[in-house]
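This note walks a new reader through the open spaces and the ligand site of one structure. Please keep the sequence and the 3D view at hand while reading the points in order.

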Amino acid sequence: MSNRLIIAIDGPSASGKGTLARRLAAHFGLPHLDTGLLYRAVGLKSHQTGRTPIETAANLQTSDLANPELRTDSAGQQASKVAAIPEVRDKLLNLQRKFAHQPSGAVLDGRDIGTVICPDAPVKLFVTASPEARAERRYRELRERGGNTIKPRVLAEMAERDRRDSERAAAPLVAAPDAFLLDTSDMDADAAFAAALAFIERKGFRSSGP
Ligand code: C5P
């Protein structure tokens with residue numbers, strides 16, 4: 001096994017995987033790619049330009065990932081629709097693999113990182129939480145950003161997106177057999193980070209920083 005540290009993090013929305021990915025990347029000094037942004041950008045841009053999602057994915061630019069609109073729930077719903085198209089996933093594959101295999105190592109989070117993008121990653125984490133815990137987090141996040149929504153609606157939209165992501169034929173959301181399962185329902189971000197770090201250190205990887 002090479003000692004290049006690639007950390008593959010998968011899980012459903014609002015499971016805490018994004019926060020965990022950012023913290024692990026900072027701890028180990030690794031570049032981080034939030035792969036959900038790629039699908040969000042394809043969904044939003046194809047909707048805005050009228051081009052097909054496949055064509056949009058083939059011509060995606062890094063500048064497309066900076067749009068703040070990508071963080072909205074409607075961009076998330078659009079993302080999960082275009083993410084079910086196998087050709088869209090194919091067009092985004094090389095970019096993600098290249099990012100993962102840069103010499104420094106990398107952290108990637110998404111739905112199929114440990115199963116499809118980096119099946120050879122030495123560290124795989126599958127982050128989950130109960131639907132209620134995830135909906136509560138998402139609801140608070142939306143409220144903090146000034147959004148106007150109600151909890152049952154957040155829960156229903158989340159269930160719809162979970163179902164679409166888990167039941168699709170192309171790269172469905174599923175834990176890799178060798179992934180470390182982290183249920184964050186009763187954990188805060190610090191506890192999730194500590195549990196993930198302990199697992200990574202047991203595998204022999206340590207931060208080389210101060
Ligand atoms: O993680 P995020 O909520 O930003 O992802 C948006 C959508 O993009 C997901 O619901 C999923 O359908 C899709 N996605 C995917 N594969 C990934 C990352 C995201 O299919 N690796």
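How many Å separate a polar side-chain atom of T35 from a nitrogen atom of the ligand? The distance is 3.0 Å, and the points below set that contact in its surroundings.

1. On the basis of the note. This is a predicted model, in which local features need pLDDT of at least 70 and side-chain atom pairs count only at pLDDT 80 or more, while totals for chains, interfaces and linings use all residues. Residues are numbered from 1 along each chain as its sequence is written, and side-chain values use heavy atoms, with hydrogens and water left out.

2. Polar contacts of the ligand. Besides T35, whose polar side-chain atom lies 3.0 Å from a ligand nitrogen, D112 places a polar side-chain atom 2.9 Å from a nitrogen atom of the ligand, and R89 places one 2.8 Å from a ligand oxygen (a polar contact is a pair of N or O atoms within 3.5 Å). Taken alone, the ligand exposes 450 Å², of which the protein buries 96% (accessible areas come from the Shrake-Rupley method with a 1.4 Å probe).

3. The shell around the ligand. Fifteen residues surround the ligand, and R40, R89, R111, R161 and D165 come nearest (a residue is near if one of its heavy atoms lies within 4 Å). By class, the shell divides into three nonpolar, four polar and eight charged residues (Ala, Val, Leu, Ile, Met, Phe, Trp, Tyr, Cys and Pro count as nonpolar, Asp, Glu, Lys and Arg as charged, and the others, Gly among them, as polar). The largest share of the shell, three residues, comes from α2 (helices are DSSP runs of H or I with at least four residues, strands are runs of E with at least two, and both are numbered from the N terminus).

4. The largest pocket. The space taken by the ligand is the largest pocket (a molecule sits in a pocket or cavity if more than half of its atoms lie within 2 Å of its grid points). A pocket is, on a 1 Å grid over the protein atoms alone, an open set of points with protein on both sides within 12 Å along at least five of seven lines, whereas a cavity is a set where a 1.4 Å probe fits but cannot get out; lining residues have an atom within 4 Å of a point. The volume of the largest pocket is about 960 Å³ (a volume is the space filled by probe spheres set on the points, which are joined across faces, edges and corners).

5. Its lining. Of the 42 residues that line the largest pocket, S13, A14, K17, G18 and E141 lie nearest its centre. The lining holds ten nonpolar, twelve polar and 20 charged residues, and α1 supplies the largest share, with six residues. Elements that each supply at least two lining residues include α1 (17–28), β2 (32–34), α7 (131–144) and α9 (189–202).

6. The second largest pocket. About 220 Å³ of space lies in this pocket, and its lining includes T72, D73, S74, R145, V154 and E157. Here α8 gives the most, with three residues, and the classes are two nonpolar, five polar and four charged.

7. The cavity. A search of the whole structure finds one cavity of 30 Å³ or more, and about 60 Å³ of space lies in the largest cavity. The residues lining the largest cavity are S13, D73, Q77, R138, V154, E157, M158 and R161, with four of the lining residues coming from α8. Two lining residues are nonpolar, two polar and four charged.

8. Backbone points to check. Most residues other than glycine have a negative phi. A14, although not a glycine, has a positive phi of about 60 degrees, and this residue sits in the loop between β1 (6–10) and α1. A171 also has a positive phi, near 45 degrees, and is found in the loop between α8 and β5 (180–183).

Methods: Polar contact = N/O pair within 3.5 Å; in protein donor to acceptor, adjacent residues only side chain to side chain.
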